[in-house]
Amino acid sequence: MEKEKHAPDQKGVIVGVGNVLQNDDGIGITILKYLEAAYVFPDHVDLVDGGTAGAALQSEILGKDWLLVIDALDVPGPPGQIRMIAGNAILGRPADLKMSPHQMSFFDLIQLMTLNDQGLDEFAILGIIPQNTGVGTALSSEVRASMDPAVTQIMAWLHEKGVFPEPVHGAVTPDYWWTA
C-alpha cells in the first residue's frame, strides 16, 4: 500500500543549521529556537539544533519521511531574502568544497543517503541570504527582519503536510543561549 503523500502523521524533522558565532550564519538556529519556544509540535515532528554537525546528523534524520532544513544560504541576492528550495534541486549539485577530504557536509550526507536508498520522501531548505558572517552573535537588521516572514513560510509548508503546531499562549522566550 502506497503511503499518502501528505499524511498528517508522517515522521518529520526540522533542522536548524549554522554557526551562531558567525552573526547571520546563525539564522537557522535562531529560527529553530524561536519555533521551539513559540509552538508545541506534534510528537511525530522533531526539532533539531544541528549547529555545524554535518554528517553527524544522520541519526536524527534516518527513518523520517520528510526534512526541512533552515539555514543561511550563500547565493546571489539581497541580504534577508528568503528562498524555499525543494531538496531535489540540491541533490544533483556537486558536493561542497571542503577543508579536508575526509570532511562530509550535511548536504553530502543527504546525497549519500539517497544513493543508498535511505533518502527521505520529501526534503526542503528554507534559506535566508546573510549580510554578515563574520565573528559575532548579532543578526544584521536585514536578516532579523526576515524572521517573521520565514516563520510564516515554514508554517505554510508544514500545513501543506497536514502538520499544525499549536501556538504557545503568553510570552515567548526563545533560548538564545549564545547571546547571554
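**Figure 1. The open sheet of the predicted model.** In this predicted model, five strands form an open sheet in the order S3-S1-S4-S6-S5, and the pairing is mixed. Strand S3 (45–51) and strand S5 (82–86) are the edge strands, each pairing on one side only. On average, neighbouring strands of the sheet are turned by 15 degrees against each other, direction ignored. The protein as a whole has 6 helices and 7 strands. Read from the N terminus, the elements follow the order β-α-β-β-α-β-β-α-α-β-α-α-β.

**Figure 2. Pairing of strands S1 and S3.** Strand S1 (residues 12–17) runs parallel to S3, and 6 bridges join the two. Within this pair, Val-13 of S1 stands opposite Asp-46 in S3. Asp-46 also takes part in a side-chain contact with Lys-64, at 3.1 Å; that contact is the topic of Figure 7.

**Figure 3. Helix H1 against the sheet.** Helix H1 (residues 27–38) lies across S1, S3, strand S4 (66–72) and strand S6 (122–128). The helix runs at about 145 degrees to S3. With 12 residues at 1.5 Å a residue, H1 should span 16 Å. The C-alpha atoms at its ends are 16 Å apart, which agrees with that expectation. Of the 12 residues, 10 are buried, so H1 is largely enclosed by the rest of the structure. The buried residues are Ile-27, Gly-28, Ile-29, Thr-30, Ile-31, Leu-32, Lys-33, Leu-35, Ala-37 and Ala-38. In the protein overall, buried residues make up 44% of the 180 residues.

**Figure 4. Lys-33 and Glu-36 within helix H1.** Lys-33 and Glu-36 form a salt bridge in which the closest N and O atoms are 3.5 Å apart. Both residues belong to helix H1 and are separated by 3 residues, about one turn of the helix. Lys-33 has a relative accessible area of 11%, under the 20% limit, and therefore counts as buried. Glu-36, at 36% relative accessibility, is partly exposed because this value falls between 20% and 50%. Side chains of opposite charge can pair when their charged atoms come close.

**Figure 5. Lys-33 and Asp-49 between helix and edge strand.** Lys-33 also forms a salt bridge with Asp-49, and here the closest N and O atoms are 3.8 Å apart. This pair links distant parts of the chain, with Lys-33 in helix H1 and Asp-49 in strand S3, 16 residues apart. Strand S3 is one of the edge strands of the sheet. Asp-49 is partly exposed, with a relative accessible area of 34%. Lys-33, Glu-36 and Asp-49 are thus linked in a network of salt bridges. A search of the whole structure finds 4 salt bridges.

**Figure 6. Glu-122 and Lys-161.** A salt bridge joins the side chains of Glu-122 and Lys-161, with an N to O distance of 2.5 Å. Glu-122 lies in strand S6, whereas Lys-161 is in the loop between helix H6 (147–160) and strand S7 (166–167), so the pair ties together parts that are 39 residues apart in sequence. Glu-122 is partly exposed, with a relative accessible area of 23%. Lys-161 is buried, with a relative accessible area of 1%. For the protein in general, contacts between residues at least 6 apart in sequence are counted, and 79% of them join residues at least 24 apart.

**Figure 7. Lys-64 and Asp-46.** Lys-64 is placed in the loop between helix H2 (58–61) and S4. Its relative accessibility is 17%, and Lys-64 counts as buried. The side chain of Lys-64 makes a polar contact with the side chain of Asp-46, at 3.1 Å. Asp-46 belongs to S3, where this residue stands opposite Val-13.

**Figure 8. Backbone of Asn-23.** Asn-23 lies in the loop between S1 and H1. The phi of Asn-23 is near 45 degrees, a positive value in a residue other than glycine. Most residues other than glycine have a negative phi. Asn-23 is buried, with a relative accessible area of 7%.

Conventions:
Residues numbered from 1 in each chain as written. Predicted model: local features only at pLDDT ≥ 70, side-chain atom pairs only at ≥ 80, totals over all residues. Heavy atoms only, no water. Pairing = 2+ DSSP bridges. Helix = DSSP H or I, 4+ residues; strand = E, 2+ residues; numbered from the N terminus. Axes fitted to C-alpha atoms, helices over the stretch in contact; angles between N-to-C directions. Contact = heavy atoms within 4.5 Å. Expected span 1.5 Å × (residues − 1). Buried < 20%, exposed > 50% of the residue type's maximum accessible area, 1.4 Å probe, protein only. Polar contact = N/O pair within 3.5 Å; in protein donor to acceptor, adjacent residues only side chain to side chain.
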